[in-house]
Amino acid sequence: MSDNSILKAALATGVALAALSCAAAAKSQPPKKVSPEQILYYFQGGTDGGQANSNLVADQSGNLYGTTKYGGDVNCSFAPRTPRKPPPVGCGTLFKVASDGTETVLHAFGSYNGDGVWPIGYLSADSAGNLYGMANEFGTIFKVTPDGTESVLYSSNGSLVPSSSLLPDSQGNLYGASQGGAKDGDCGADGCGYIFRLAPNGTLTTVYTFTGPDGALPSGALAMDSSGNVYGTTMDGGAHGWGTVFELTPSGTESVLYSFDVGSQPQSGVTIDAQGNLYGVTASGGTNNDGSVFKVTPGGTGTILYSFLGRPDGNEPLGTPVVDASGNVYGTTYFGGAYNFGTAFKVAPNGTETVLFNFKKRYGDDLTSGVVLDQSGNVYGTTMFGGNQSGKGNGVVFKLTE
């Protein structure tokens, strides 16, 4: 057995032991009481947008930015490839919600020939406040300035299959991930996916192509350290075939920091703290197969901070979590909680979990994205559905106060 294989086996064993320890702690420490929720904005599903599907980006003035899957330009009727039912109107928006709840649509997608359609829900920003993301149809990469001016930086006509956030570096390059489009390795005709770099002049370069043992199907938020190394997750591949946490140097050298064990399949990417530790979630796996919150150190030591219990505290976390300066991890679950419509949670460094809010339809449901924190510790996020008395709303932007 190679040194690398021994290391991976040791890491897998360590995570399994950590999972058992966290599960025992969770059973003896029931979730704390629910905190109040404030709905900052209810989406109507028309020109204002519908089905908020993205993480939020906050600026220094307290404004929140995100995307909706539908709504916006109601004349945009681009049909999905295999619709199960007539799609909602519009092809998506990039929106701004002020601290007082005022919503502004900065851009309605599909508004001109060659524009993107259906933003995938991972939004990022540079130091100047420019917003970046990708849209599904045509495989487009877009930029929206703070005043709402949108430009398509790259259009692949479908060869790019967007699956991550876009990560700007200090030279103005953007890093991102694509699933498929690079036919190599053990992943069949569509390939295992790749990491790309888009230069300021619009030239797109494949930085690294996954082959299976090193990871497959990169997905979720990417993170970058001060040296320009890029970190992320793959849904499949690795030593056990259940996904990886990877590191990619600026020169294109890839390392598997951690390989997940049976059932995990991370799909939400990672967030990084000041010490270089990486945090993320798995939608399944963990002690109860209801998902987990994990931490991977710069040296590749993996720990399950918390294994979800299912209905009591949430299950199937899908959004990228965030971590505060004290090491507390915040995120959402798609199901579970008091009403089985998902939860917002906090996991302390010692593995203690607190349910911050139990969602139900009138307050928003279908939480597919993570959360963002302000300087006062308030938690903000979006839901794709819910948000009115009948529970049939088009999603909300919410604020939670502990």
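Student: Leaving aside neighbours within four places in sequence, which residues is Thr253 in contact with?
Tutor: This is a predicted model in which local features need pLDDT of at least 70 and side-chain atom pairs count only at pLDDT 80 or more, while totals for chains, interfaces and linings use all residues. Residues are numbered from 1 along each chain as its sequence is written, and side-chain values use heavy atoms, with hydrogens and water left out. Contact means heavy atoms within 4.5 Å. With neighbours up to four places away set aside, the residues that Thr253 contacts are Glu247 and Leu248.

Student: Is Thr253 buried, partly exposed or exposed?
Tutor: Thr253 sits in the loop between strand 18 (244–248) and strand 19 (254–259); strands (E, at least two residues) and helices (H or I, at least four) are DSSP runs, numbered from the N terminus. Buried means under 20% relative accessible area, exposed means over 50%, and partly exposed lies in between (1.4 Å probe, protein chains only). Thr253 has a relative accessible area of 46%, which makes the residue partly exposed.

Student: What distance separates the C-alpha atoms of Thr253 and Tyr208?
Tutor: Along the chain, Thr253 and Tyr208 are 45 residues apart. In space, their C-alpha atoms are separated by 7.7 Å.

Student: Which backbone oxygen does the side chain of Ser156 reach at 3.3 Å?
Tutor: Ser156 belongs to the loop between strand 11 (150–155) and strand 12 (167–168), and at 10% relative accessibility the residue counts as buried. A polar contact is a pair of N or O atoms within 3.5 Å; within protein, one must be able to donate a hydrogen and the other to accept it, and residues adjacent in sequence count only if both atoms are side-chain atoms. A polar atom of the Ser156 side chain lies 3.2 Å from the backbone oxygen of Phe138. At 3.3 Å, the backbone oxygen reached by this side chain is that of Gly139.

Student: What is the handedness of the disulfide of Cys76 and Cys91?
Tutor: A disulfide is a pair of cysteine sulfur atoms within 2.5 Å, and the structure holds one. The sulfur atoms of Cys76 and Cys91 are 1.8 Å apart. The torsion about their S-S bond is about -85 degrees, so the disulfide is left-handed.

Student: Is Cys91 buried or exposed?
Tutor: Its disulfide partner Cys76 has a relative accessible area of 10% and is buried. The relative accessibility of Cys91 is 0%, and therefore Cys91 counts as buried.

Student: Why is the pair of Phe43 and Phe95 given its class, and which class is it?
Tutor: A pair of aromatic rings is described by the distance of the centres and the angle of the planes. Rings of Phe, Tyr and Trp (its six-membered ring) pair if their centres lie within 6.5 Å; planes under 30 degrees apart count as stacked, over 60 as edge-to-face and the rest as tilted. The structure holds 14 such pairs. For Phe43 and Phe95 the centres are 5.0 Å apart and the planes stand at 65 degrees, so the class is edge-to-face.

Student: How many residues apart in sequence are the parts that Phe43 and Phe95 tie together?
Tutor: Both Phe43 and Phe95 are buried. Phe43 lies in the loop between strand 1 (37–42) and strand 2 (50–52), and Phe95 lies in strand 5 (residues 93–97), so the pair ties together parts whose separation in sequence is 52 residues.

Student: Which residues form one aromatic cluster with Phe357 and Phe359?
Tutor: Phe357, at 6% relative accessible area, is buried, and Phe359, at 0%, is buried as well. Their cluster also takes in Tyr363 and Phe398.

Student: Which residue stands opposite Ala344 in strand 27?
Tutor: Strands pair if DSSP finds at least two bridges between them. Strand 26 (residues 343–347) is joined to strand 27 by five bridges, and the two run antiparallel. Six of the six residues of strand 27 (residues 353–358) are buried, so this strand is largely enclosed by the rest of the structure. The strand 27 residue opposite Ala344 is Phe357.

Student: Which strands are the edge strands of the open sheet 20-21-22-23?
Tutor: Four strands make up this open sheet, with antiparallel pairing. Strand 22 (residues 292–296) is joined to strand 23 by five bridges. An edge strand here pairs on one side only, and the two that do are strand 20 (271–272) and strand 23 (302–307).
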